[in-house]
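Let's take a walk through this structure together, one residue at a time. Keep the sequence and the 3D view side by side as you read.

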Amino acid sequence: MRIIRRIDFFLEAITGFLLGSMVALTFLQVFSRYALHAAFDWTEELARLNLIYLTFIGSIVALRRNQLLRLDVVTQKLPLWVRRLFEIGVDIVSIVVLGVVVWQGIPLLWKFWPVRSAALDWPTTFFYLPVIIGCFGMVVFTGFNLLGVLPTNSVSQDAKEAVR
């Protein structure tokens, strides 16, 4: 578990850096446009790239903290064993959907490599890469969560208690 804590710290540090650099880039862009009357071409594109990376790496951090947006109004009214079955089903569906995004997204990285971005002149693959990284990280950590739920056999214990 020590390595998981280090990974968590690393991901949180990356998201903090991305957020700070996005704020700095946005400030630089606004300052150069309105104070200097000469905007830099690359600041907007780099801030957008930061936002994309922040979104997908931040989604891994939110998943690890169990803070992803969810609507649980209906599931909170269900018995505990049904709720746990539902959570397992949601985790399995999430792994499948995220896995398909990774599986279908990897070939696109090679396809978009020759296409260059407008201001930075970087391969547009860098704009699609965080989708693959974020979805792969969420597959891994959702799998860890699922394995943490299944071995306890708590669903069958709750089901036995509900039958009594």
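In this predicted model, Glu44 is partly exposed, with a relative accessible area of 41%. You will find Glu44 in helix H2. If you look across from there to Val30, the two C-alpha atoms are 9.8 Å apart in space, while the residues are 14 places apart in sequence.

Which residue forms a salt bridge with Glu44? The partner is Arg48, and the closest N and O atoms of the pair are 3.5 Å apart. Both residues sit in helix H2 and are four residues apart, so about one helical turn separates them. Arg48 counts as partly exposed because its relative accessibility is 41%.

Now step along to Glu45, which also belongs to helix H2. Glu45 is buried yet has no salt bridge. The nearest side chain of opposite charge is that of Arg48, 4.7 Å away, and a salt bridge would need a nitrogen and a carboxyl oxygen within 4 Å. What does the side chain of Glu45 make a polar contact with? One such contact, at 2.7 Å, is with the side chain of Ser117. The side chain of Glu45 also reaches the backbone nitrogen of Leu120, at 3.1 Å. Once neighbours within four places in sequence are set aside, the residues in contact with Glu45 are Ser117, Ala118, Ala119, Leu120 and Phe127.

Let's return to the charged pairs. How many salt bridges does a search of the whole structure find? The search finds four, and one of them joins Asp8 to Arg64, with the closest N and O atoms 2.9 Å apart. Asp8 lies in helix H1 and Arg64 in helix H2, so this pair ties together parts that are 56 residues apart in sequence. Is Asp8 buried or exposed? With a relative accessibility of 16%, Asp8 counts as buried, because the cut-off for buried is under 20%. Arg64, at 28% relative accessibility, counts as partly exposed.

Another salt bridge joins Arg65 and Glu12, whose closest N and O atoms are 3.2 Å apart. This pair, too, links distant parts of the chain: Arg65 is in the loop between H2 and H3, Glu12 is in helix H1, and their positions lie 53 residues apart in sequence as the separation is counted. Both partners are partly exposed, Arg65 with a relative accessible area of 46% and Glu12 with 33%.

Helix H1 deserves a closer look. How far apart are the end C-alpha atoms of H1? They are 48 Å apart, which agrees with the 48 Å that its 33 residues should span at 1.5 Å a residue. The buried residues of H1 are Ile4, Asp8, Leu11, Thr15, Leu18, Ser21, Met22, Leu25, Gln29 and Ser32. You have already met Asp8 in its salt bridge with Arg64, and Leu11 leads us to the nonpolar core.

In soluble globular proteins, nonpolar side chains tend to be buried together. Here, the largest nonpolar core has 24 residues, and Leu11 and Phe141 are those with the most contacts inside it. Helix H1 (2-34), helix H2 (42-64), helix H3 (80-111) and helix H4 (125-149) each supply at least two residues of this core. H2 gives the most, with nine residues. Which residues is Leu11 in contact with, leaving aside its neighbours within four places in sequence? They are Ile57, Ile60, Val61 and Phe141.

Finally, let's visit two loops and look at the backbone. Most residues other than glycine have a negative phi. His37, in the loop between H1 and H2, has a positive phi of about 55 degrees although it is not a glycine. His37 is exposed, with a relative accessible area of 67%. Asn66 is another residue other than glycine with a positive phi, here near 60 degrees. Asn66 is found in the loop between H2 and H3, and at 54% relative accessibility it counts as exposed, because exposed means over 50%.

Notes. Residues are numbered from 1 along each chain as its sequence is written. This is a predicted model: local features need pLDDT of at least 70, side-chain atom pairs count only at pLDDT 80 or more; totals for chains, interfaces and linings use all residues. Side-chain values use heavy atoms; hydrogens and water are left out. A nonpolar core is a set of buried Ala, Val, Leu, Ile, Met, Phe, Trp, Tyr and Cys residues joined through side-chain atoms within 4.5 Å. Buried means under 20% relative accessible area, exposed over 50%, partly exposed in between (1.4 Å probe, protein chains only). Contact means heavy atoms within 4.5 Å. The expected span of a helix is 1.5 Å times one less than its number of residues. Lys and Arg count as positive and Asp and Glu as negative; His and the chain ends are not counted. A polar contact is a pair of N or O atoms within 3.5 Å; within protein, one must be able to donate a hydrogen and the other to accept it, and residues adjacent in sequence count only if both atoms are side-chain atoms.
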